[in-house]
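Please look over the structure below before reading the notes that go with it. They are written for a reader who is new to protein models and wants to move step by step from the whole chain to single residues.

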Amino acid sequence: MINKRRLLLFILLLLLPVTLNYFSPYIIIDGLANKVLAGAFFVWLLMLVSSLFVGRAFCSYICPYGALQMSVDLAIKKPLKQVRWMRGMRYVLGILWVAPIIILTALNIGNVRINPLYLTESFVSVDNIYKLMGYYIIVFALLILPLLMGKRASCHYLCPMSILNVTGTKVKNMMNLPSLRLTAESEKCTNCKQCNKACPMSLNVAEMVKQNKLDSLDCILCGECCSACKSSVLKRKVESRNKHIKEQISAQI
Ligand code: SF4
Ligand code: SF4
């Protein structure tokens, strides 16, 4: 059966020469410096707001950079090299990226215009030879980490934008908002570890099931583990965290 999520990501990847600027972390800042809310501002705002309802699913369904890494993962199947000290890097980069956005937004409040096509007047992001060269540099740079360090290494160690939906996920958990979550009927688990093999984020899903701790901030709610589990232990459901925890406790009694 065709994996519809992967198909969607491949289409988004093919469209990247058109959409690159709308996903650009740089164009937001350039736009705000020139008192413009560019298309990328709204795309990453969508990522932040969506995380209150669907956690980090933006990473598994919308992000073309994730799609790029997925393609490498499928081609070379290299396990992730776990490097503890590198895990904080994406948050440092995230703060360095978000700080100017907040400062420029505050400075320009009431004095900005909206232009989704800012620096993309032809609608297509890569519309000349120089931009094509820049496109290949970006793609190559994004490919280096997964090629050297395995599955979705750029998501784990580099992506500054992940600070947005990690923050949103923390907020929704604190506020106990009903949202998309990974749930498990732990008692049905046979510990076959097929879920671990399927997880694109290299999570130890079987251990998460055993410990009833399914709300890892690295989970992008892709559902690959749910499909891989032949015992139907894992499901994605919309529910509040409290309900989820209550169900986990009653399953343990
Ligand atoms: S695939 Fe299912 S049964 Fe196997 S370890 Fe994972 S949750 Fe348990
Ligand atoms: S734990 Fe499951 S839903 Fe979460 S990232 Fe891994 S495979 Fe996807």
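The briefing below goes from the overall fold to the ligands, the salt bridges, the surface and a few single residues.

This is a predicted model, and its chain has a secondary structure of 14 helices and 4 strands. The radius of gyration of the chain is 19 Å, close to the 18 Å that the globule rule gives for 253 residues, so the chain is as compact as a globular protein of that length. Two ligands are considered here, ligand 1 with its shell of residues and ligand 2 with 13 residues around it.

**Overall shape**

- Taken along the principal axes, the box that the C-alpha atoms of the chain fill is roughly 60 × 40 × 35 Å.
- Of the 253 residues in the chain, 47% are buried, which in this briefing means that they have under 20% relative accessible area.
- Asn-3 lies in the segment before helix H1 (4-14), and Asn-3 counts as partly exposed because its relative accessibility is 27%.
- Although Asn-3 and Lys-235 are 232 residues apart in sequence, their C-alpha atoms are 16 Å apart in space.

**Surroundings of the ligands**

- The residues that surround ligand 1 include the cysteines Cys-189, Cys-192, Cys-195 and Cys-229, and among the others are Thr-190, Asn-191, Lys-193 and Gln-194.
- Sorted by character, the shell around ligand 1 holds 7 nonpolar, 4 polar and 1 charged residue.
- Ligand 2 is surrounded by 13 residues, of which the closest are Cys-199, Cys-219, Cys-222, Gly-223 and Cys-225.
- The shell around ligand 2 divides into 11 nonpolar residues, 1 polar residue and 1 charged residue, and it helps to know that Cys counts as nonpolar in this sorting.

**Salt bridges**

- In the whole structure, a search finds 9 salt bridges, and a few of them are described in the points that follow.
- Arg-56 and Asp-218 meet through their side chains in a salt bridge with an N to O distance of 3.9 Å. This pair links distant parts of the chain, since Arg-56 is in the loop between helix H4 (39-54) and helix H5 (57-61), while Asp-218 is in the loop between helix H12 (205-210) and helix H13 (224-228), 162 residues apart.
- Both partners of that pair, Arg-56 and Asp-218, are buried; Asp-218 counts as buried because its relative accessibility is 11%.
- Asp-218 also meets Arg-87 in a salt bridge, with 2.4 Å from N to O. Here too the pair links distant parts of the chain, with Asp-218 in the loop between H12 and H13 and Arg-87 in the loop between helix H6 (64-76) and helix H7 (89-107), 131 residues apart.
- Arg-87 is partly exposed, because its relative accessible area is 26%.
- Arg-56, Arg-87 and Asp-218 belong, together with Arg-90, to a network of salt bridges.
- The side chains of Lys-131 and Asp-127 meet in another salt bridge, at 3.1 Å from N to O. Lys-131 is partly exposed with a relative accessible area of 30%, and Asp-127 is partly exposed with 36%.

**A nonpolar patch on the surface**

- Phe-42, Leu-45, Leu-48, Val-49, Phe-53 and Ile-114 make a nonpolar surface patch of about 510 Å².
- Helix H4 gives the largest share of this nonpolar patch, namely 5 residues.
- Phe-53 lies in helix H4, and Phe-53 is partly exposed because its relative accessible area is 48%.

**Two residues with a positive phi**

- As background, most residues other than glycine have a negative phi.
- Asn-176 is a residue other than glycine with a positive phi, near 55°. Asn-176 lies in the loop between helix H10 (162-174) and strand E3 (179-184), where Asn-176 counts as partly exposed at 24% relative accessibility.
- Asn-191 likewise is not a glycine, yet its phi is positive, at about 60°. The place of Asn-191 is in the loop between E3 and helix H11 (194-198), and Asn-191 counts as partly exposed at 40% relative accessibility.
- Asn-191 is also one of the residues that surround ligand 1.

Conventions. Residues are numbered from 1 along each chain as its sequence is written. Chains are lettered from A and ligands numbered from 1 in the order in which they are written. This is a predicted model: local features need pLDDT of at least 70, side-chain atom pairs count only at pLDDT 80 or more; totals for chains, interfaces and linings use all residues. Side-chain values use heavy atoms; hydrogens and water are left out. A residue is near a molecule or strand if one of its heavy atoms lies within 4 Å of it. A salt bridge is a side-chain nitrogen of Lys or Arg within 4 Å of a carboxyl oxygen of Asp or Glu. Buried means under 20% relative accessible area, exposed over 50%, partly exposed in between (1.4 Å probe, protein chains only). Patches are made of residues with over 30% relative accessible area and no salt bridge: like charges are joined within 9 Å, nonpolar side chains (Val, Leu, Ile, Met, Phe, Trp, Tyr) within 5 Å. Accessible areas come from the Shrake-Rupley method with a 1.4 Å probe; for residues, only the protein chains shown count as cover. The radius of gyration is taken over C-alpha atoms; the globule rule is 2.2 Å times the number of residues to the power 0.38.
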